Structures are given as structure tokens and as C-alpha cells.
Amino acid sequence: MSVTIKNPEEVEKIRIASLLATEVLNLLRSLVVAGVTTEHLNDVAHQHITQVQGGIPATLGYHGFPKSLCTSLNHQVCHGIPGSRILQNSDILNIDVTVIKDGWFGDTSAMYTVGTPSIRAQRLIDVTYEAMMRGIEAVRPGATLGDVGYAIQKTAEASGFSVVREYCGHGLGRNFHEEPQVLHYGKPGEGLILEPSMVFTIEPMINAGKKDIKLLNDGWTVVTKDRSLSAQWEHTVAVTETGVEILSGAAHPE
Ligand code: MF3
Ligand code: CO
Ligand code: CO
């Protein structure tokens with residue numbers, strides 16, 4: 001399958017689903033406090049998506065994933081499974097929400113801090129956000145995915161952090177994951193040339209230490225090999241005639 005160009009009605013459907021996912025991220029913000037479990041966050045999100053939004057949590061049952069959110073704590077890179085872990089002071093947490101509405105997908109994630117994070121943890125979160133935004137700012141017709149990856153990699157590495165290579169952004173629409181693969185590293189001018197109405201995510205995973213990762217025995221949770229902290233932000237974006245639109249709106253740090 002190749003990269004699909006969406007028509008304006010299709011982009012609108014993805015915008016709607018993406019804004020619902022952002023609404024969930026915003027709803028959860030006040031609930032991420034010491035003493036709650038990640039399972040509780042999952043349950044609140046599941047209820048809201050299914051009962052209030054009339055949507056479907058895309059991760060639930062996706063290749064057997066058991067929950068309606070991904071919750072990735074501290075040295076977890078992505079695909080953490082909500083469970084009995086109780087949040088505690090200075091934890092950092094990524095929550096990744098994907099909503100299906102009327103058959104269309106929207107995918108976004110954000111970082112949360114519990115109590116007072118370390119200065120280094122907060123810096124990792126802020127640099128990862130900046131890296132995502134630099135990548136988004138590189139999106140316009142005629143630019144390449146290499147330009148996007150380069151912007152992200154340059155931002156992360158300039159702060160001494162590293163870019164996870166094994167997972168990438170992705171096209172989406174009627175499917176969770178479509179072409180193109182959006183690498184979070186690269187070289188200017190290389191890769192796919194962007195055209196208006198392409199829709200994809202940008203979702204860099206940035207490690208405080210080395211880039212290497214490993215998969216836990218649960219078959220899902222990805223962690224840093226050196227157990228250094230990892231952060232991620234994700235937006236769903238569309239290429240416009242003149243630049244880029246963030247379909248998932250502007251969920252930003254605090
Ligand atoms: N939402 C993730 C992404 O950004 C995918 C999660 S798939 C799951 O692509 F199976 F781990 F839930
Ligand atoms: Co995604
Ligand atoms: Co996601």
C-alpha cells in the first residue's frame with residue numbers, strides 16, 4: 001500500500017478523532033497525581049471515550065494489546081500497559097491515546113509529571129516537545145520526511161539526548177498504521193516528498209541516555225536498555241497547501 005492523499009472530508013474525520021484523543025489527554029491531566037494507578041487513568045479514559053465521545057479506544061485489542069491507553073513510565077519508552085503501579089512523586093509518564101470515531105483514527109500523546117520531577121527529567125520532557133515541534137515545523141509541500149527527521153534528531157542530540165530508532169510516526173486514517181513511516185532521524189532532502197493532504201503522526205521517543213531499547217517479557221512494554229529516562233510526545237498532522245496543520249490541536253506541557 002502506498003501513501004494515501006486524503007480529501008477534505010476525510011481530513012475532517014481525522015481531525016474530529018484527533019481532537020477527541022486530545023480531549024482525553026486534557027481530561028487526564030488533573031488525575032495524574034501521586035497515589036493513583038495507571039489502571040485508574042485507563043478506566044477513566046475508557047469510560048469517556050466509549051460513553052461520552054461515542055468512540056472506540058483503538059489500542060484495546062489491537063494485536064492483543066489489553067488496554068485503552070498506553071502508559072509509559074520513566075524508563076519505559078512506549079507501549080506501557082496500564083496496571084496496578086501507583087504513581088509516585090517525581091515519576092514522568094507518557095499517556096498515548098488513539099480514538100476511532102466513525103471509522104477514522106486520531107492519535108496523540110503527551111508527557112505528565114507527578115509532583116516535582118528532577119531538573120534533568122523536566123529538561124528531557126521539554127527538549128522532546130521541542131524536537132516534535134521542530135519536526136512539525138519542517139512539514140510543508142515539497143519538504144521531505146528526511147527534513148522532518150533531521151529537525152527532530154538535531155534538536156534532541158544538541159541537548160545530549162538520543163533518538164529511539166525502532167519506532168516511528170506513521171500515516172493514519174481508516175487504519176491505525178499506514179504508510180508512510182515517519183522516522184525521527186534522517187538527512188535533509190532524503191526520503192518521501194510531502195504533498196498536500198497527506199496525514200501522519202510525528203511522535204519522537206527521546207532517551208536521556210543511550211538510544212538502545214529492549215522489550216519486556218509482557219511482549220509490549222519497551223524500555224531503555226540503560227534504564228535512562230525516556231520521553232515522547234505525539235501529534236497527528238496534515239500537510240496543507242502552504243505548510244502544516246496539527247489536527248490533534250495543541251496539547252502542551254501543563
Ligand atoms: N498509539 C501508538 C502509536 O502512536 C500505538 C500503540 S499500539 C499498542 O502508534 F498496541 F501498543 F497499543
Ligand atoms: Co502513533
Ligand atoms: Co499514539
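Donors to a metal are taken as N, O and S atoms within 2.8 Å of it (3.2 Å for Na, K and Ca), and sites may look incomplete since water is not among the atoms. On this basis, the cobalt ion (ligand 3) and the cobalt ion (ligand 2) are separated by 3.3 Å and are both coordinated by D107. The model is predicted, with local features requiring pLDDT of at least 70 and side-chain atom pairs pLDDT 80 or more, while totals for chains, interfaces and linings use all residues. Residues are numbered from 1 along each chain as its sequence is written, chains are lettered from A and ligands numbered from 1 in the order in which they are written, and side-chain values use heavy atoms, without hydrogens and water.

The protein donors of the cobalt ion (ligand 3) are two OD atoms of D96, an OD atom of D107 and an OE atom of E234, at 2.1 to 2.4 Å. The spacing of these donor residues in sequence is D-x10-D-x126-E. D96 belongs to strand β4 (residues 92-101) and D107 to strand β5 (residues 104-113), 11 residues apart; strands (E, at least two residues) and helices (H or I, at least four) are DSSP runs numbered from the N terminus. The arrangement around the cobalt ion (ligand 3) is irregular because its six donor atoms subtend angles of 58 to 166 degrees; six donors count as octahedral if opposite donors are over 155 degrees apart and all others between 65 and 115. Both aspartates are buried (under 20% relative accessible area, 1.4 Å probe, protein chains only): the relative accessible area is 10% for D96 and 2% for D107.

The same aspartates also approach ligand 1. A polar side-chain atom of D96 lies 3.1 Å from a nitrogen atom of ligand 1, and an N or O atom in the side chain of D107 is 3.1 Å from an oxygen atom of ligand 1. Of the 340 Å² of accessible area that ligand 1 has on its own, 96% is covered by the protein (Shrake-Rupley method, 1.4 Å probe).

Four aromatic pairs are present (ring centres of Phe, Tyr or Trp within 6.5 Å). Y62 and F176 form a tilted pair, with 4.7 Å between centres and 50 degrees between planes; planes under 30 degrees apart count as stacked, over 60 as edge-to-face and the rest as tilted. Y62 lies in the loop between β1 (56-57) and β2 (70-73) and F176 in the loop between β7 (169-171) and β8 (178-182), so the pair ties together parts 114 residues apart in sequence. F176 is buried at 8% relative accessibility. Together with F105, Y62 and F176 form one aromatic cluster.

Technical notes
Tetrahedral: all angles 85-135°; square planar, octahedral: opposite > 155°, others 65-115°. Buried < 20%, exposed > 50% of the residue type's maximum accessible area, 1.4 Å probe, protein only. Polar contact = N/O pair within 3.5 Å; in protein donor to acceptor, adjacent residues only side chain to side chain. Phe/Tyr/Trp six-rings, centres within 6.5 Å; stacked < 30°, edge-to-face > 60°.
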